[in-house]
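I opened this structure to take notes on it, one place at a time. The entries below follow the order in which I looked things up.

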Amino acid sequence: MLVHLAVNNYAIVDHLELELGGGMTAVTGETGAGKSIMLDALALTLGDRADSGAVRPGADKADLLATFDISDIPEARQWLEERDLSSDDQVILRRVVTAEGRSRGYINGSPCPQQDLKALGEMLIDIHSQHEHQSLLKPDTQRRMLDAFAGAGELARQVQLAAQRCRQTEQALHQASQEGEEFTSRVQLLTYQLEELDNLSLQDGELEQLEDDQRQLANAEHITHSCQQVINLCSENDSGSVLQALTASLQRLGNLNTHNRNLDEANSLLASAQIQVEEAVGELTRYLDHFEADPERQQQIEERLGVIYDLARKHRINPDELPALQQRLIDELENLQQQGADAEKLAEELEAYQKHYRELAAQLSEQRQKAAVRLAAAVTGEVQQLGMPGGAVSVQLTSNKPESYAPTGLETVEFLVSANPGQPAKPLAKVASGGELSRISLGIQVVTAQTSRVPTLVFDEVDVGIGGPTAEIVGRLLRQLGARGQVLTVTHLPQVAAQGHQHLFVRKEQSKTSTRTRIDQLDEAGRVQEVARMLGGIDLTEESLAHARKLISAT
């Protein structure tokens, strides 16, 4: 519910603040006084397009602020919470328009795009006028009204979720199918590459050992000749060996030890060297005894290394990276095989989701068809009281393609209107007369008020072209709507104004240099005078005042 509206430097308004309550509020005033300015300012806070013409001449910006009580609007509270904009049970919408035509929007003090103001505003208020595009003309609004009237709002939400699941799963399956040929080729390649690596069966440390053995076998003759030369030099040389030289040296030092004890250390080192040379000769001898230059083994090793090197070059990696490559290929193949299994699972899930969607959508269609007949009859009855005695409203359900999984269900919903007997029914959006459209909207709102998602309704001159008994009916219907929520109506008819729970009077103040609009909230005496003015003109008479009191007291 709209509880407060503040307007600064907008059009011909310098400053205006209104406190609003529930029920029906009538807005009246002389032609040209600016009755629609309040509604235009309100529409701007709800995301309407702004331009520099909105700014009062001489001001640098227009600042508009609307405060709503959302304690009874769970949908709006949830919307705000999802965006971290919630502030208890109130929401403040603000719009600032500069003289250059730029505008900024705010929700509870946080900057927001214009589209967010519009989205939230549709949950808070619905403005009906001859000159504004009405939400009732939108197919989505008409469908939601029918679903709410049918008590199928939750079922419609489930259908939407089921359709979303169908489309998401279908898209995933389609993507998997498009990748099928590439998927198969990749699996075949990976399988072949892993088969090569499995056949290679390269063991840990094998490459290093093969390369070491290959080096030894390739240099076998040089190795054996060199080792034998070292043995000869150390122990078997006829012309003198290292061991012979060490033995002779130890003997000479031994003879000298009797004369000089300071040679003990040198003697000990030579003895140690003799032992080490003997051990080295023993090691070389044993190595030669076990070393075998095997050409056949050398060929086997070279062939094995050739296979390893060729496979490494094929994959453009170093030979020692082959085991890591094999593990990567195994992981990729397992992942692709899992994707294949997932595709089969997606197909099964899609079939189940489609069945679930069709079941829910069929239930929704059945409820819509029954409710459409009742809604059309009820609205027709209302509009025929509102100056359209031959008018008729019908609700048309047009089937969608069943494979489309439309989030709105198996059909589209459209309100059709025939303004006069014999005329073909046309979509509500194509009704030519603004007055007829307003009254049809009023009739629909009266019927659907108990299930309406929007708590505040605004009607701008819904009484155009009517009078007499019909005007009284319009007034009573608006008051009836106001009793269930909040209704703001701009009217020229005293019969309608007299029905208001509150009454706002719009007047224009002029001076030599400026023009301003003022809005007064009338007390009981002021209401009588304003209704009397609407009945009898500027000069009030006792007769017009008495008639005004009678109209007001009859509410």
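Asparagine 108 was my starting point. With a relative accessibility of 21%, asparagine 108 counts as partly exposed, because buried means under 20% and exposed means over 50%. I found asparagine 108 in the loop between S6 and strand S7 (110-112). Its phi is near 50°, which is a positive value in a residue other than glycine. I note here that the model is predicted.

Next I looked up aspartate 84. Aspartate 84 is not a glycine either, yet its phi is positive, at about 55°. Aspartate 84 follows H2 and sits in the loop between H2 and S5. Is aspartate 84 buried or exposed? At 70% relative accessibility, I put aspartate 84 down as exposed.

From there I went back into H2. Ala76, Trp79 and Leu80 are the residues I noted as buried in this helix. They lie on the same side of H2, because the arc they cover around the axis is only 95°. Pro74, Glu81 and Glu82 are exposed on the other side of H2. What do the buried residues of H2 pack against? I listed strand S5 (90-98), strand S6 (103-107) and helix H3 (114-124).

Then I turned to the nonpolar cores. The largest one has 48 residues, and Phe68, Ile107 and Leu120 have the most contacts inside it. Helix H1 (residues 35-45) supplies the largest share of this core, seven residues. A second core, separate from that one, has 38 residues, among them Val159, Leu364, Leu375 and Val379. In soluble globular proteins, nonpolar side chains tend to be buried together.

I followed up isoleucine 107. Setting aside neighbours within four places in sequence, I found isoleucine 107 in contact with Trp79, Leu80, Leu85, Val91, Ile92, Leu93, Cys112, Asp116, Leu117 and Leu120. Two of the names on that list, Trp79 and Leu80, were already in my notes as buried residues of H2.

The next entry is on pockets. I recorded about 870 Å³ of space in the largest pocket. Its lining has 33 residues, and Glu75, Arg144, Ser452, Arg453 and Val454 lie nearest the centre. Elements that give two or more residues to this lining include helix H2 (74-82), helix H4 (139-149), helix H5 (153-178) and helix H12 (322-383). I also wrote down helix H14 (468-484) and strand S13 (486-490). By type, the lining of the largest pocket divides into 14 nonpolar, eight polar and 11 charged residues.

I then searched the whole structure for cavities and found one of 30 Å³ or more. About 40 Å³ of space lies in the largest cavity. Which residues line the largest cavity? I noted Leu197, Leu200, Leu202, Leu322, Pro323 and Gln326. Helix H6 (180-200) and H12 each give two or more residues to this lining, and H12 gives the most, with three. Five residues of the lining are nonpolar, one is polar and none is charged.

My last entry is threonine 169, in helix H5. Threonine 169 has a relative accessible area of 7%, so I entered it as buried. Leaving out neighbours within four places in sequence, threonine 169 is in contact with Leu346, Glu349, Leu350 and Tyr353. I also checked threonine 169 against arginine 358, which is 189 residues away along the chain; their C-alpha atoms are separated by 15 Å.

Key. Residues numbered from 1 in each chain as written. Predicted model: local features only at pLDDT ≥ 70, side-chain atom pairs only at ≥ 80, totals over all residues. Heavy atoms only, no water. Core = buried A, V, L, I, M, F, W, Y, C linked by side-chain atoms within 4.5 Å. Buried < 20%, exposed > 50% of the residue type's maximum accessible area, 1.4 Å probe, protein only. Helix = DSSP H or I, 4+ residues; strand = E, 2+ residues; numbered from the N terminus. Contact = heavy atoms within 4.5 Å. 1 Å grid on protein atoms, 1.4 Å probe; cavity = no way out; pocket = protein on both sides within 12 Å on 5 of 7 lines; lining within 4 Å. Points joined across faces, edges and corners; volume = space filled by probe spheres on them. Nonpolar A, V, L, I, M, F, W, Y, C, P; charged D, E, K, R; others polar. Arc of directions from axis to C-beta.
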